[in-house]
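Thanks for coming. I will go through one model this morning, starting with the overall picture and then moving to the sheets, one helix and two single residues.

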Amino acid sequence: MSKLEPFLFVVGATHHTAPLEWREKLALNAAALPRLEEQLATLGGLEEFAILNTCNRREFYGVAESQATLGQLCTVFCEHQEIEMDAFSAMQLRKTGSEAIHHLSAVSAGLESQLVGENEIFGQVKEAYAAAQKTQRVGPILHKVFQKTFQAAKMVRTQTGISEGQVSVANVAVDLATTIFGNLSDTRVLLAGAGEIGEQAAKAFRSRGANDLTVASRTMDNAMQLAQTLDARALPIEKLADRLAYFDVIVCATAAPGAILSHSAISTAMQKHPAAPLFLIDLALPRDIEASVAKIDNVYLYNLDDLAAISEENKSARTAEITKAREMIAAKAHHLWENLQRRREASN
Amino acid sequence: MTDRTWIWIAAACYLVGVVIGTVALLRHRKQPAGTLYLFVAIGFALQTVGLYIRGLEVGGCPLGNTFELFQFTAWSATALYLVVGVTFRLSLLGYFTSLLSLVLSAVSLSVPAWDATRRSDVFGGNVWIEFHAALALFSYGVFALLALTSIMFLLRNYSLKNKQLSGAFAFLPSIRDLDTISVRLLNVGVMLLSASMLVGSAYWIRAIDTVNLSKLLITVAIWIAYGGAFILRRQGKLYGKNLAWICIGLFIAALISVYPVNLSRRGDEPPPVPFVQP
């Protein structure tokens, strides 16, 4: 370990370290995020920080005076999420120095994603950086690290073939729908949640021939806006339970804190058309659909982990490109780390 | 060449289909639909020749012993596949049909006792009874194909429920297509069997004393069972994997019943002529 470590760190939990049930408990509610940020801002010794909060990641990037500061950060986070520190420690991701840079670069390039090579994560890292910048949590070190990381991620995506093939959750979900319904032209698709990932799924269904699309959202304006973009219908989410039986495919991608589709709601809907299959895609975290729904006859429930596992099977074709991308990221991260060290030594 | 020789060659064609399909499955490759279809079609043509020669020999539709009943069932299922397989582009169904026809042909050919006696003029020159028997056996062929699509439905359902979509599972048709085909086959099978029962009953009513009670009870039981499945499916009370299991179970029961039904007929008819190889 360098004498400058651990001034730069990443700590958190991801799909690599925590199972789905725990990732649900670790999920950071968008409404509660500012309160956590304020708590962290008051931590002594935490010079800079940015929070990457996605379906599969709760990652805190920062610059700290000592390892003790990292411990304090974890304590604050656990108290905020009301979870045991020991449990969090067991599934914790913790990297410092060059390893932290390497990790952020790999995450931005999509190399650490559940669906290796997917593009959404790059936008999410940029959003996390922009949000931290807005609240002035980012200083010179994190600024440089993020900027250089974005350059490395762009280079990897343009110079390797890691993003080729079916590497988005949306495409995997639509492929899966064809194994249930065959031709999608007469399938009735409902999208619950007007977020980016749901929109991508809806567009993928539309591009594969699904003509009957409906968007439901907690905010009717959002639903109507997205429905207009997709040439779909809008539905208030309160009416979802009454209309469930109408749909063949339901894509759930809301930010609701708990399940919006219960076992009993799906059972009731299935009683109206018991012989017709129902495909449920749960892209939300915390999950929008109760897991026990999968036991109902003719209901096929897939969540993020399931779709990622299917995508993983397609990954072998891109193995060489992924290796090439990892080598590029490692070289760039090493170069940046040395650069930062020289700067730090010069300033001392 | 004798009728049995033609049928042996037909079975060899089905065997080639099974080998080609198995190799494709083991290599996780898509079934070579065209090649499979070709071998099934050649097998069907050769089997038709064999059954035609047998028909000329016995002076009617060859439905006089267990061997002939098995052959006619396999022939009916294959004939239907040649139509359904093209309509629905079901390459994997070709593999299963080859397998079923091979098993039925091989089993019936390898049990000499089933073909030891051949009945000439089994239906006493009554074309309606012959039509009744042919319709009933043809419906068994439909139910054979229904059992195959039901097996495919169960495999697809298992793969979707357990998230195992690669390998051989990747080549199964969609579960909705399989359900559609199965329901259509059930409808057609029940209609054919009902028509057969109607034709048969018209004869029985006029000559009730000639009715073989065991045969009648077994046939009516199978008709009621399939009819029940048909009604429950239409009412939405029987569907999905439960329907698939029932269709498989009913076909096995129907196939098993062929032997006792054929055995029970012996007491009602004049002694058959033992077959001597020319």
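**Chain A, from the outside in**

Of the 348 residues in chain A, 56% are buried. Before going further: this is a predicted model. Chain A contains 14 helices and ten strands. Its exposed surface comes to about 14900 Å², and carbon and sulfur atoms supply 49% of that. On contacts, take the pairs in chain A that are at least 6 apart in sequence: 71% of them join residues at least 24 apart.

Now the sheets. I will take the antiparallel one to begin with.

Four strands of chain A make an open sheet in the order E2-E3-E1-E4, with antiparallel pairing. Its edge strands are E2 and E4, the latter covering 93–96, and each of them pairs on one side only. From one strand to the next, the twist averages 15 degrees. Inside this sheet, strand E1, residues 8–14, is joined to E3(A) by seven bridges, and the two run antiparallel. If you want a spot to look at, Ala13(A) stands opposite Arg58(A) in E3(A).

Two helices pack on this sheet. H5(A) touches E1, E2, E3 and E4 of chain A, and its direction makes about 140 degrees with that of E3(A). H6(A) touches E2 and E3 of chain A, at about 145 degrees to the direction of E2(A).

Let me stay with H6 for a moment. This helix of chain A runs over residues 120–134, 15 residues in all, and spans 21 Å from its first C-alpha to its last, close to the 21 Å expected at 1.5 Å a residue. Which residues of H6(A) are buried? They are Glu120(A), Ile121(A), Phe122(A), Val125(A), Ala128(A), Tyr129(A) and Ala132(A). As background, an α-helix has 3.6 residues a turn, so residues three or four places apart point the same way. The buried residues of H6(A) pack against two strands, E2 (46–53) and E3 (57–64), and against helices H5 (98–108), H7 (140–159) and H9 (196–207), again in chain A. Just after the helix, Gln136(A) has a positive phi of about 60 degrees.

On to the parallel sheet.

This one is also open, with six strands of chain A in the order E7-E6-E5-E8-E9-E10 and parallel pairing. At the edges are strand E7 (233–236) and strand E10 (299–303), each pairing on one side only. Neighbouring strands here are turned by 20 degrees against each other on average, direction ignored.

The strand I would pick out is E6(A), residues 212–217. Four bridges join it to E7(A), running parallel, and Ser217(A) has Pro236(A) in E7(A) as its bridge partner. On the E5(A) side there are five bridges to E6(A), also parallel, and Leu190(A) stands opposite Thr214(A) in E6(A).

How many of the six residues of E6(A) are buried? Six of the six are, so the strand is largely enclosed by the rest of the structure. In a regular strand the side chains alternate between the two faces of the sheet. In E6(A) both faces are covered: Asp212(A), Thr214(A) and Ala216(A) are buried on one side, and Leu213(A), Val215(A) and Ser217(A) on the other.

That leaves two residues, one in a helix and one in a loop.

Ala173(A) sits in helix H8 of chain A. Is Ala173(A) buried or exposed? Its relative accessible area is 1%, so Ala173(A) counts as buried, the cut-off being under 20%. Leaving aside neighbours within four places in sequence, Ala173(A) contacts Phe205(A), Phe279(A), Ile281(A) and Leu307(A). Ala173(A) and Val251(A) are 78 residues apart in sequence, while their C-alpha atoms are 9.1 Å apart in space.

Thr187(A) lies in the loop that runs from helix H8 (169–181) to strand E5 (188–192) of chain A. Thr187(A) is buried as well, with a relative accessible area of 0%. A polar atom of the Thr187(A) side chain lies 2.6 Å from the backbone oxygen of Leu184(A). Again setting aside neighbours within four places in sequence, Thr187(A) is in contact with Phe181(A), Ala210(A), Asp212(A) and Asp248(A), and also with Arg176(B). Asp212(A) you have met already, as one of the buried residues of E6(A).

That is the end of my part.

Notes:
Residues numbered from 1 in each chain as written. Chains lettered and ligands numbered in written order. Predicted model: local features only at pLDDT ≥ 70, side-chain atom pairs only at ≥ 80, totals over all residues. Heavy atoms only, no water. Buried < 20%, exposed > 50% of the residue type's maximum accessible area, 1.4 Å probe, protein only. Polar contact = N/O pair within 3.5 Å; in protein donor to acceptor, adjacent residues only side chain to side chain. Contact = heavy atoms within 4.5 Å. Pairing = 2+ DSSP bridges. Axes fitted to C-alpha atoms, helices over the stretch in contact; angles between N-to-C directions. Expected span 1.5 Å × (residues − 1). Areas by Shrake-Rupley, 256 points an atom, 1.4 Å probe, with all protein chains shown as cover.
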